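Please open the structure in a viewer and keep the sequence at hand. The tour below proposes selections one after another and describes what each contains.

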Amino acid sequence: MISRLRFANRRSQCASYIRDLSTSHTRSEKYDCKVLVVGGGSGGCAMAAKLTKRLGKNNVIILEPAEKHYYQPMFTLIGGGMKRLEQSYKPMADVLPKKAKWLKEKAVEFDPDQNEVQTSCGNTIKYDLLLIATGLQLKYHTIPGLLDALSIPNGKVCSIYSPDYVDKVYDCLRSTTDGNVIFTFPHSPVKCPGAPQKIVYISEHYFRKVARRNDVNIVYNTALPVLFGVKHYADALWPIVKKRNITVNTRRNLIEVKPGQDIAVFENLDNGERFEEKYSMLHVTPPMCAPDELTKCKQLVNEAGFVNVEKSTLQHVKYPNVFAIGDSSGTPNSKTAASAAAQSPVVFRNMISVLDGKPLTSFYDGYASCPLVTGYNRCILAEFDYSLTPLETFPVAQNKERYSMFIMKKDLMPILYWKMMLPGYWNGPALMRNLLSPLKLNKSK
């Protein structure tokens with residue numbers, strides 16, 4: 001039986017510690033738990049809910065320093081002025097399961113050999129099972145000049161990827177009257193890899209709506225060698241790009257911003273050539289990686305810095321009591337909230353199997369979904385698996401722009417997220433897909 005320590009007043013003590021940035025005023029403590037969930041994002045929150053329902057009160061600890069939980073898929077819509085920032089978040093205390101113990105601290109050191117995690121408050125948490133759900137960190141600071149450019153009031157540089165900057169996107173759209181409007185995709189993994197081009201399409205549509213389209217030159221510079229990683233949907237997107245006169249440059253990576261001159265510096269990843277582009281508006285998708293505190297634990301991560309798990313079970317390849325979910329995992333799927341939803345029942349069943357001493361019997365197929373918003377009233381719903389084969393839910397051609405998919409993305413998915421996924425009830429659309437499959441078969445005959 002694992003001993004339990006009381007958590008009385010720990011949250012207020014830790015909050016005080018975080019503000020003071022000093023361990024001298026806080027006595028370090030040791031905690032024991034059956035399951036430690038590191039991260040309170042989409043996957044961590046959903047998994048904590050599932051686990052507490054099964055394991056009961058005070059058997060799950062959640063390590064998460066943030067006070068707000070953001071529904072990040074809404075950020076593209078905020079950038080286009082279709083939603084407001086305050087609609088995208090709830091207090092973390094309202095979304096985490098009440099039967100779990102929340103430590104408002106950050107994991108700073110992992111020791112999988114001792115089954116321990118050290119926290120930013122100087123505490124030690126010992127676990128039976130560890131679930132890593134840390135997500136990705138945004139590395140705006142690695143591009144010289146970018147943070148300075150983003151900090152300029154009423155400036156020309158913006159980004160949908162952070163709540164600190166997402167409101168600047170619509171401001172930039174409204175203030176841009178002519179010139180080059182440039183969008184970027186970095187030379188790194190990113191969360192929701194469709195978002196950098198969603199905001200391209202939304203912006204292009206905005207300029208048409210306000211009769212400025214003929215005055216702006218819209219450019220999408222992506223470090224990728226393709227427009228979209230799944231050919232089935234890329235083949236549908238290229239005609240849209242050409243029809244709307246959007247310039248797409250592949251293998252082109254942003255390496256510097258010169259805000260005083262309104263110049264962005266890019267590198268051709270094939271030959272190393274560097275060149276400058278003048279901008280009237282610059283939207284930047286920052287480089288991303290797993291948190292430094294995780295990547296420094298070489299026992300846990302692969303060469304790319306992500307948790308080294310088996311791609312079908314999401315169990316660590318070396319430590320059988322360690323699992324990962326979401327963006328921090330080393331699985332080769334697209335990093336989206338939909339992926340985390342589909343992973344959650346697999347991870348849950350397999351973690352329970354480990355606790356019960358049974359073999360793993362649940363497997364993840366790499367499902368990912370990307371609602372590619374192409375404007376203020378259309379969306380292509382991309383769904384696919386590890387092999388980049390379409391894995392579509394609805395009995396219609398999902399590689400076409402549809403108003404119905406736009407409404408689902410804009411109005412229905414946020415409800416599904418808050419009411420179903422975070423409380424642990426939504427496991428992705430596999431069940432719905434199976435129920436609708438007879439309709440798809442009949443249509444194909």
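Begin with two helices of this predicted model: select helix 6 (residues 166-175) and helix 7 (residues 195-209), whose axes come within 10 Å and cross at roughly 35°. The crossing of helix 6 and helix 7 is right-handed.

Next, display the side chains where these helices meet. Helix 6 contributes Val169, Tyr170, Leu173 and Arg174, and these meet Ile199, Ser203, Tyr206 and Phe207 of helix 7. Sorted by class, the residues in the contact of helix 6 with helix 7 are six nonpolar, one polar and one charged.

Now turn to a sheet. Select strands 14, 15 and 16, which form an open sheet in the order 14-15-16 with antiparallel pairing. Strand 14 (252-258) and strand 16 (274-278) are the edge strands, each pairing on one side only. From one strand to the next, the twist averages 30°.

Within this sheet, select strand 15 (residues 263-268) together with strand 16: the two run antiparallel and are joined by five bridges. To view one bridge, pick Glu267, whose partner in strand 16 is Arg274.

The last stop is the largest nonpolar core, which has 136 residues. Select Leu36, Leu51, Phe110 and Phe228, the residues that touch the most other members. Helix 10 (residues 337-355) supplies the largest share of this core, eight residues.

Finally, centre the view on Phe110. Leaving aside residues up to four places away in sequence, Phe110 touches Val38, Glu116, Val117, Leu130, Ile132, Glu293, Leu294, Cys297 and Leu300.

Conventions. Residues are numbered from 1 along each chain as its sequence is written. This is a predicted model: local features need pLDDT of at least 70, side-chain atom pairs count only at pLDDT 80 or more; totals for chains, interfaces and linings use all residues. Side-chain values use heavy atoms; hydrogens and water are left out. A nonpolar core is a set of buried Ala, Val, Leu, Ile, Met, Phe, Trp, Tyr and Cys residues joined through side-chain atoms within 4.5 Å. Buried means under 20% relative accessible area, exposed over 50%, partly exposed in between (1.4 Å probe, protein chains only). Helices (H or I, at least four residues) and strands (E, at least two) are DSSP runs, numbered from the N terminus. Contact means heavy atoms within 4.5 Å. Axes are lines fitted to C-alpha atoms, for helices over the stretch in contact, and angles run from 0 to 180 degrees between N-to-C directions. A crossing is left-handed if the near helix is turned anticlockwise from the far one by less than a right angle, and right-handed if clockwise. Ala, Val, Leu, Ile, Met, Phe, Trp, Tyr, Cys and Pro count as nonpolar, Asp, Glu, Lys and Arg as charged, and the others, Gly among them, as polar. Two strands pair if DSSP finds at least two bridges between them.
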